[in-house]
Amino acid sequence: MRGPKTIRAGAIAAIVALAAIAPARAACEVKFGALGPLSGPAAQWGLAVKGAAEFVAAEENAAGGLQVGQEKCRVTVTAFDAKYNAEGAAAGANYFVSQGVRFVIGPVGSPEMTGVKPIAARNNLLVMGDSFAKNAIGPQWPLVFHSGPGPSGWAPSIVDVAKQTYGIKSVVIVAPNDQGGTDIASVDAEAYRRHGVEPAEEYYQRGTSNFAAIAARIIARNPDAVDTASSPPGDAGVIVKQLRQAGYKGVLGRLGGSGTEEIARVAGGMDVLQNFYWYENVVVDERLKALGERYRQLVGAERPENTLFYPFVAATRMVTKAIAKAGTATDTKAVAAALRTLPVDDPDFGQGLWIGQDFYGINQELSFPFGIGLIVDGKPRPIAKHEAATGK
Amino acid sequence: MTSFVTATLIGVSLGAQYALLALGFTLIFGILGVVNFAHGGFYVLGGYAAYWFVSAAGLPYPLAVVLATLVTGILGYLFELLLIERLVDDHLATLMLTLGLYLMLSTGILITFGPESPLFEFPLNGTLRAGPFYFPIANLVVLAVCLLAILGVYALIFRTDLGRALRALADDRQVAAAQGLRPRLLFPLAFALACGLAGMTGALVTPILSLAPHVGDPVLATSFLIVILGGLGSIGGATVAAFLVGLVEAYSSVYLGGSKGALALFVLVLIILVVRPSGLFGRIAREA
């Protein structure tokens with residue numbers, strides 16, 4: 001029987017051995033933090049961010065690691081559930097700092113972006129997030145980048161198509177009454193107004209689960225269209241379901257984050273949508289379908305359902321390219337400087353643009369071609385590809 | 001006039017659902033003196049259990065609702081018997097236990113079923129219409145079942161020996177025990193009844209709204225609000241307060257909008273509590 005001294009000696013030897021190995025591994029590891037809602041009604045978006053970060057990490061690792069200076073480094077991803085609120089995102093950013101993470105992929109909501117920016121600024125984290133807040137990025141946050149344009153970039157084009165297709169003259173925009181809802185609703189409203197569609201804004205308390213009363217209020221306005229804007233897909237599905245139950249027969253739209261599948265599932269199927277227009281992050285062509293297959297091979301699971309996955313793959317790849325160009329995985333200012341000078345080009349998504357100067361005052365917003373989805377009289381049309389938003 | 005009638009129908013429908021939830025919550029507090037923070041968890045579990053019985057086991061929806069009620073009731077019974085019972089007089093311990101159970105339930109559901117909403121539809125579609133007025137058939141069925149369940153709870157509590165025993169324990173546990181009533185036998189039954197009610201509400205309501213692991217979060221807040229407004233531990237108070245909250249929520253949302261409506265509800269509750277600190281049916285149900 002082994003005595004306590006033998007066990008103690010063995011334990012010490014194991015700790016010494018681990019300690020010897022640990023610095024060698026940590027010295028060449030690039031840690032990404034994936035931040036977004038992994039639970040709750042906006043979970044689809046967070047899962048898309050996490051999936052994208054894990055996929056790009058797997059791509060780099062399968063190729064032998066990310067080139068950082070003279071070394072090939074392993075890319076790892078730590079995910080944190082920001083719960084689609086500011087405190088969750090702030091907690092996530094602090095957690096990442098404690099884990100030595102320097103690059104944050106996400107978050108995806110305006111409340112989350114509000115929570116993450118001060119901590120990112122204090123700790124020099126480079127953030128590649130997606131938020132439709134009016135102040136999502138700006139000159140005061142030089143390390144914060146936007147993975148895709150907000151509604152200021154694409155809403156006017158979609159309103160134009162919706163007006164031509166359905167002949168709408170009035171719209172009620174429904175959104176949560178926090179920054180995540182009010183910012184996008186006001187930008188959407190301006191896009192409608194410019195195209196001669198009279199908008200009205202209707203807000204609800206985030207956390208509302210029964211929208212029957214709000215549906216009744218909307219119907220009393222008798223709008224041609226109801227736009228669920230940036231309401232989480234789960235909420236939007238209930239809104240659509242209860243509007244239809246209340247007898248609303250008009251057009252439905254969504255100038256906000258993607259989630260048509262989830263909305264249809266909660267509402268009771270595609271038939272319930274009937275006439276529906278929406279912003280789609282990308283047009284999933286054969287090349288992007290192949291990307292889904294590669295995800296399955298590399299990660300060993302089905303790719304996240306939400307199409308926000310795709311732009312975050314492109315955005316994460318831009319970050320890895322910037323790290324390689326800067327030759328450092330610790331100096332985020334140098335990586336940000338490299339990122340700004342990189343041409344927007346991706347093997348799967350094609351060419352894009354850096355935009356944002358006009359709306360945000362800083363050119364740190366990635367813009368790739370996007371899609372416009374339409375369901376007309378219950379028949380889905382192929383997603384129409386639209387050239388990358390210029391931000392003008 | 002159309003808006004008023006519509007808001008009234010919505011309010012009554014909401015009130016019945018809230019009443020079923022709040023009855024379970026207030027029963028546990030009134031009889032055991034425990035604030036059940038896992039109440040929303042049993043609501044979600046009821047929804048997912050019914051979903052599983054329909055989609056995986058292929059059972060008809062009404063049977064799935066009955067089974068979901070039983071599953072949540074049995075789980076509640078075991079939870080009380082094995083954990084709560086040991087610490088039933090320690091308010092902080094039971095608070096932590098029920099909160100912990102809620103986290104375990106919601107995380108377990110998240111891991112098992114994933115974070116996305118499954119397709120779980122009420123078997124009856126369509127809407128009854130009379131001129132400008134409407135009422136979804138599913139809501140009507142849920143309203144009828146909720147009202148029947150509320151009557152059933154009343155009959156159980158006020159017309160049976162079990163109910164009399166539970167009320168006696170709620171009034172004065174020591175005297176009731178001295179009379180031969182056995183808390184160790186009756187407490188798990190009360191807990192099972194309350195959890196079964198929450199599970200049944202989840203099984204009934206989630207297909208007409210949505211089913212996802214997080215949908216229990218607002219349930220706890222609403223139940224708390226109603227039970228405090230009605231008077232902690234008061235069954236009649238909880239029922240009246242549930243319909244009051246449902247109606248106020250509906251009227252204020254229809255006339256003031258989603259933001260101001262929520263504010264109006266809480267202002268009203270605040271005023272009532274300032275005037276009647278022990279709730280609408282203001283007797284002190286239990287010494288703290």
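How many residue pairs are in polar contact across the interface of chain A and chain B, both at pLDDT 80 or more? The rule finds 10 such pairs, as the second legend sets out.

The views show a predicted model, in which local features need pLDDT of at least 70, side-chain atom pairs count only at pLDDT 80 or more, and totals for chains, interfaces and linings use all residues. Residues are numbered from 1 along each chain as its sequence is written, chains are lettered from A and ligands numbered from 1 in the order in which they are written, and side-chain values use heavy atoms, with hydrogens and water left out.

**View 1. A nonpolar patch lies on the surface of the model and is made of residues of chain B.** Its members are L63(B), V66(B), L70(B), I74(B), L78(B), L81(B), L82(B) and L83(B), which together have about 670 Å² of accessible area. Areas come from the Shrake-Rupley method with a 1.4 Å probe, and for residues only the protein chains shown count as cover. Patches are made of residues with over 30% relative accessible area and no salt bridge; like charges are joined within 9 Å, and nonpolar side chains (Val, Leu, Ile, Met, Phe, Trp, Tyr) within 5 Å. L63(B) belongs to helix α3 (residues 61–82) of chain B. Helices (H or I, at least four residues) and strands (E, at least two) are DSSP runs, numbered from the N terminus. L63(B) counts as partly exposed because its relative accessibility is 38%; buried means under 20% relative accessible area, exposed over 50%, and partly exposed in between (1.4 Å probe, protein chains only).

**View 2. Chain A meets chain B.** Contact (heavy atoms within 4.5 Å) links 32 residues of chain A with 30 residues of chain B. The two chains bury about 2400 Å² between them, 56% of it on carbon and sulfur atoms; buried area is the accessible area (1.4 Å probe) that two parts lose on being put together, summed over both. R217(A), Q245(A) and R265(A) supply 22% of the area that chain A buries against chain B, more than any other three residues. On the chain A side, α2 (43–62), β8 (198–204), α7 (212–221), α8 (233–245) and α9 (260–267) each supply at least two residues that touch chain B. The interface has 10 residue pairs in polar contact (both at pLDDT 80 or more). A polar contact is a pair of N or O atoms within 3.5 Å; within protein, one must be able to donate a hydrogen and the other to accept it, and residues adjacent in sequence count only if both atoms are side-chain atoms. The rule finds zero salt bridges across this interface, a salt bridge being a side-chain nitrogen of Lys or Arg within 4 Å of a carboxyl oxygen of Asp or Glu.

**View 3. A229(A) and S230(A) lie in the loop between β9 and α8 of chain A.** A229(A) is not a glycine, yet its phi is positive, near 40°. Its relative accessibility is 0%, so A229(A) counts as buried. S230(A) is also buried, at 4%. The side chain of S230(A) reaches the backbone oxygen of G180(A) at 2.9 Å. Residues touched by S230(A) include W45(A), Y84(A), P176(A) and R254(A).

**View 4. E112(A) sits in helix α4 of chain A.** With 0% relative accessibility, E112(A) counts as buried. A polar atom of its side chain lies 3.1 Å from the backbone nitrogen of V108(A). P107(A) is among the residues that E112(A) touches, and the peptide bond from G106(A) to P107(A) is cis, with omega near 0°. The C-alpha atoms of E112(A) and L35(A) are 8.8 Å apart, although 77 residues separate them along the chain.

**View 5. Two salt bridges in chain A join separate parts of the sequence.** Side chains of opposite charge can pair when their charged atoms come close. E202(A) and R221(A) meet at 3.5 Å, N to O. E202(A) lies in strand β8 and R221(A) in helix α7, so the pair ties together parts that are 19 residues apart in sequence. E202(A) is buried, at 2%, whereas R221(A) is partly exposed, at 41%. E305(A) and R265(A) meet at 3.1 Å, N to O. Here the pair ties a loop between α11 (286–299) and α12 (309–326) to helix α9, 40 residues apart in sequence.

Notes
Lists of a residue's contacts leave out its neighbours within four places in sequence.
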